[in-house]
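Hi everyone, thanks for making time for this one. I'd like to walk you through a single model, going from the ligand outwards to the way the helices pack.

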Amino acid sequence: NRCILLASRPEGMPDEGNFELVEEGVPEPADGELLIQTIYLSVDPYMRGRMTGVRTYISPFDTGKVLTGGVVGKVVVSRNPNFEKGEMVTGNLPWADYSLSDGKYLRKLDPEAAPVSTALGIAGMPGLTAYFGLLDIGKPQPGETVVISGAAGAVGTVAGQIAKLYGCRVIGIAGSEKKTSYLQQELGFDAVINYRTENMKEAVKQHCPDGVDIYFDNVGGPISDMVMKRINYKARIILCGQISQYNLKQPEQGPRLQGQLIQRSALMQGFIVSDYADRHAEGIKQLGQWLKDGKLQYRENVVNGLENAPQAFIGLFHGENLGKQLVKVADE
Ligand code: NDP
């Protein structure tokens, strides 16, 4: 049983030396437990925060211990009456070929309803983040202008498509031509900005002639400063992520934006998807329905092999993924 440990805490950008692959025996399930074989594991930007050793809304990872994250797996041995061998499940589990669970926090998946990998992306945590952030905080109205940063990633692609379903004009910001053309040509975004090649100030002005009513922020930093300059009266700013800041050794000192909020009577609100834990079932149901009806599309960037999970994780901070970044550990 191969496992991936956090070998050391990253300083700045994480590298492969921060991780270590070790082998140990396959664990034996006790009475009430299941042995799960990992099929897919999810790499997510929030995991970077857990590697720093500081407690935030979630406890830090310990060095020398196996990392944990979103997993889709198959029950290979069940000593729990609620699960059968062969069933597909998702939950927060170790980065390992096999792991044990008492089944308490697992959700069963129906492979007929949607590909099981979607439980880690569009029909899972990132999808729910887009759904609740946009609808609950953003409250989109038809005709409003919605700007999304990190638009071509797991959360951004869903947030943008939901905003389109609600009749908004959607502008996506992303870091490559491949990503911006995907957003515009395949997902129907109204306009796109490549923040690496375009002048952000000019581009936001050009594509948001009537200002910005909703800003769904996945990245923070200078990209957000430029969007904030164009917010409208009663704009809503959804603070979902700040990926541009996660690997900085010193926090950045940006322009002070609070004045902008006062002048425009705007709302800026942060959230964590687990705030909506009691409504996750509603979100999963709606996202699943939209998927089934063909109203939402998704892309996955799949890296093969547990041993490549660190590289896939690091790739998130270099923009290597279009859509949801996954690691495929075994065949279904
Ligand atoms: P993504 O799939 O969007 O992957 C990360 C992307 O971020 C990269 O592909 C890259 O795209 C972009 N990026 C990386 N570094 C920078 C940078 N310095 N400046 C600008 N863009 C950068 O990840 P997720 O969709 O899973 O997550 C998106 C955001 O949402 C993250 O900030 C994450 O922490 C947050 N989040 C928040 C949750 C919550 O509960 N509040 C829950 C889940 C996620 P590009 O090529 O465009 O640069």
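**Around the ligand, and outwards**

Let's begin with the ligand: sorted by class, its surrounding shell holds 16 nonpolar, 13 polar and two charged residues. Before going on, please keep in mind that this is a predicted model.

Which residues come nearest to the ligand? Out of the 31 residues around the ligand, those are G153, A154, G175, G241 and G319.

Now, the helices. Both α2 (125-138) and α3 (154-165) supply at least two residues each to the shell around the ligand. Of the two, which one should you click on if you want the most shell residues from a helix? That is α3, which gives the most, with three residues.

Let me zoom out to the domains. The protein is divided into domain 1, covering 2-121 + 299-328, and domain 2, covering 125-274. Domain 1 and domain 2 each provide at least three residues of the shell around the ligand. Between the C-alpha centres of domain 1 and domain 2, the separation is 28 Å. How many residues are in contact across the two domains? On the domain 1 side there are 15, and they are in contact with 18 residues of domain 2. The side of domain 1 that touches domain 2 has five nonpolar, seven polar and three charged residues.

On to helix packing. As a reminder, two packed helices are described by the angle between their axes and the distance between the axes. I have three pairs for you.

The opening pair is α2 with α3, the two helices we just met at the ligand shell. Their axes are 8 Å apart, and the packing angle is about 45°. That angle makes α2 oblique to α3. The crossing of α2 past α3 is right-handed. From α2, the contact uses P126, G127, T129, A130, Y131, G133 and L134, and from α3 it uses A154, V155, V158, A159, I162 and A163. By class, this contact of α2 with α3 comes to ten nonpolar, three polar and no charged residues. You may recognise A154 here, since A154 is also among the residues that come nearest to the ligand.

Next, α2 again, this time with helix α8, residues 280-292. Here the axes lie 10 Å apart and the angle is about 100°, so α2 and α8 are roughly perpendicular to each other. G127, L128, Y131 and F132 of α2 make the contact with H280, G283, Q286 and L287 of α8. The classes in the contact of α2 with α8 are four nonpolar, four polar and no charged.

The last pair is helix α5, residues 200-207, with helix α6, residues 221-228. Their axes come within 9 Å and cross at roughly 40°. Are α5 and α6 parallel, perpendicular or oblique to each other? With that angle, they are oblique. The crossing of α5 past α6 is right-handed. M200, K201 and V204 of α5 meet I223, M226 and V227 of α6. This contact of α5 with α6 has five nonpolar, no polar and one charged residues.

That's my tour, and I'm happy to take questions.

Key. Residues numbered from 1 in each chain as written. Predicted model: local features only at pLDDT ≥ 70, side-chain atom pairs only at ≥ 80, totals over all residues. Axes fitted to C-alpha atoms, helices over the stretch in contact; angles between N-to-C directions. Helix = DSSP H or I, 4+ residues; strand = E, 2+ residues; numbered from the N terminus. Parallel < 35°, antiparallel > 145°, perpendicular 65-115°, else oblique. Left-handed = near helix turned anticlockwise from the far one by under 90°. Contact = placed C-beta atoms within 7 Å. Nonpolar A, V, L, I, M, F, W, Y, C, P; charged D, E, K, R; others polar. Near = placed C-beta within 6 Å. Domains from an automatic or database assignment.
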